[in-house]
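Hi there,

Here is the structure I promised to pass on to you. Have a look at it first, and then read my notes below.

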Amino acid sequence: MSMSKTTRSFLQWMLPAIVLFVGAGAAAALVMMRQSPEPENRPTLGPLVEVIQVESSDLSVKVEGQGEVRASTRVEVLPEVSGRVVRMHPQMVSGGRIAAGETLVQLDPRDYTLAVESAQASITSAETRLEVERAEAEAALVEWRAVNGDAAPPPLLVREPQIRQIEAELSAARAQLQKAELDLERTRLTVPFDAVVLTENVDPGQLVSQGRAVATLYGTGAVEVRVPLADDELRWFELPRRGAERPTAAVRSEFGGRLHRWPATVARLEGEVDPRTRMVRVVVEVEDPFDGETPLLPGAFVDIEIDGRTLEDIIRIPRFALRQGSTVWTVVDGQLRINAVEVARSDRLYAYVASGLDAGSEVITSSLDGVVDGMSVRTSLAPTESVTDSAAESVPLGEA
């Protein structure tokens, strides 16, 4: 009984040890029998970049700038005579439009009508006196010749001084009539061109004095925009010359929540360089700015686009695809290449490459860090919308 217990205790202790030993040996055998996997050669994958395929074409250069619209013709209406306002044009308010020759303000004309009548009476009186003197001179001459024959009569006898005096008075009376008629005409204030009222400073019944401005108006025939440009921009378009056709342009502005465009021409180059900015100012003119659906008002800040020369065989790329101002990244056979290029011109969206880039090249538009010539890259075609949007965001309007 006691041996049986001893044996059972020994087996209970040894059996787990034997199992652990056998398991460890089997595991060691499996490890020793395991074969190493064959090494696999995987290709090195470069970064993924977006590319566009470029083509060459002829480019019509557009010189862009900005400026403020101002009226080509602006006048202050100053009465040349004094008087009380008896009538005003119904459009004599700020923003009112008045046609050429219409009466802006009518002053009381009665005093000036009386002055005309007085001058006319003076003329009639002088003419009558002159007729009397001439008749008396003719009668005196007849009497002189009856007594003295063909001898020359004395000037006083034939009334020569008196006649000259009355002729002078008649000339003065006629001049006074012209002055009175002119003053009467000046009681009616007009402008010789179609105009818009900018400000008005008079009311019906008000007494106005000579030389006091009653209104400020500007003409609707044309407006101007002074566009500051760097002097090297002038080489891209023809400057206006006497007798030659003006270079064409366009004015763009957002008004009433919509973008509007007005045709324009380059009128002239101003006479001096801006001493502060060293820019030259080109004057662009828009004719009949009020005739369209939307008026082009003075004071508006607008964008200008001047039509320039045509460049041949130019490759256009997004401006942000130009690296450091003179290089472009391209992809050739899966490798990135750094190309030195000559840029003919840049505008707010694009750079125009004249040399150093071939038509059909794949130009990288993505941003990369640590670029090395010849590095491997993977490509995907960049959507046109994203290229245009990125260019628009990267360059402020008007920069060239």
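**A salt bridge across the chain**

Glu305 is buried, with a relative accessible area of 13%. Please keep in mind that this is a predicted model. Which residue does Glu305 form a salt bridge with? The partner is Arg261, and the closest N and O atoms of the two are 3.4 Å apart. This pair links distant parts of the chain, 44 residues apart: Glu305 belongs to strand S15 (residues 301-318), while Arg261 belongs to strand S13 (residues 258-269). Arg261 is exposed, its relative accessible area being 53%. So the bridge joins a buried acid to an exposed arginine.

**Salt bridges within helix H3**

You may want to turn to helix H3 next, which covers residues 160-186. Asp183 is a good place to start there, because at 11% relative accessibility it counts as buried. The side chain of Asp183 meets that of Lys179 in a salt bridge, with 2.6 Å from N to O. Both residues lie in helix H3, four residues apart, which is about one turn of the helix. Lys179 has a relative accessibility of 41% and therefore counts as partly exposed.

Asp183 also has a salt bridge with Arg186, where the closest N and O atoms are 3.8 Å apart. Here again both residues sit in helix H3, this time three residues apart, about one turn of the helix. Arg186 counts as partly exposed, because its relative accessibility is 26%.

**Salt bridges elsewhere**

How many salt bridges does a search of the whole structure find? The search gives 24. There is also a network of salt bridges to look at, which links Arg70, Glu224, Arg226, Arg268, Glu270, Asp274 and Arg281.

**Two residues with positive phi**

Now for the backbone. Most residues other than glycine have a negative phi. Asp313 has a positive value, with phi near 50 degrees. Asp313 is placed in strand S15, the strand that also holds Glu305. Is Asp313 buried or exposed? With a relative accessible area of 54%, Asp313 is exposed.

Gln324 is another residue other than glycine with a positive phi, near 55 degrees. You will find Gln324 in the loop between strand S16 (322-323) and strand S17 (327-332). At 79% relative accessibility, Gln324 counts as exposed.

**A four-stranded sheet**

Last, a sheet to trace on your screen. Strands of a sheet pair through backbone hydrogen bonds, either parallel or antiparallel. In this model, an open sheet of four strands follows the order S7-S6-S4-S9, and its pairing is antiparallel. Which strands are at the edges? They are strand S7 (188-189) and strand S9 (207-208), each of which pairs on one side only.

Strand S4 (residues 83-88) and S9 run antiparallel and are joined by two bridges. If you would like a pair of residues to find this spot, Arg84 has Leu207 in S9 as its bridge partner.

I hope this helps you find your way around. Do write back with any questions.

Best wishes

How values were computed: Residues numbered from 1 in each chain as written. Predicted model: local features only at pLDDT ≥ 70, side-chain atom pairs only at ≥ 80, totals over all residues. Heavy atoms only, no water. Salt bridge = Lys/Arg side-chain N within 4 Å of Asp/Glu carboxyl O. Buried < 20%, exposed > 50% of the residue type's maximum accessible area, 1.4 Å probe, protein only. Pairing = 2+ DSSP bridges.
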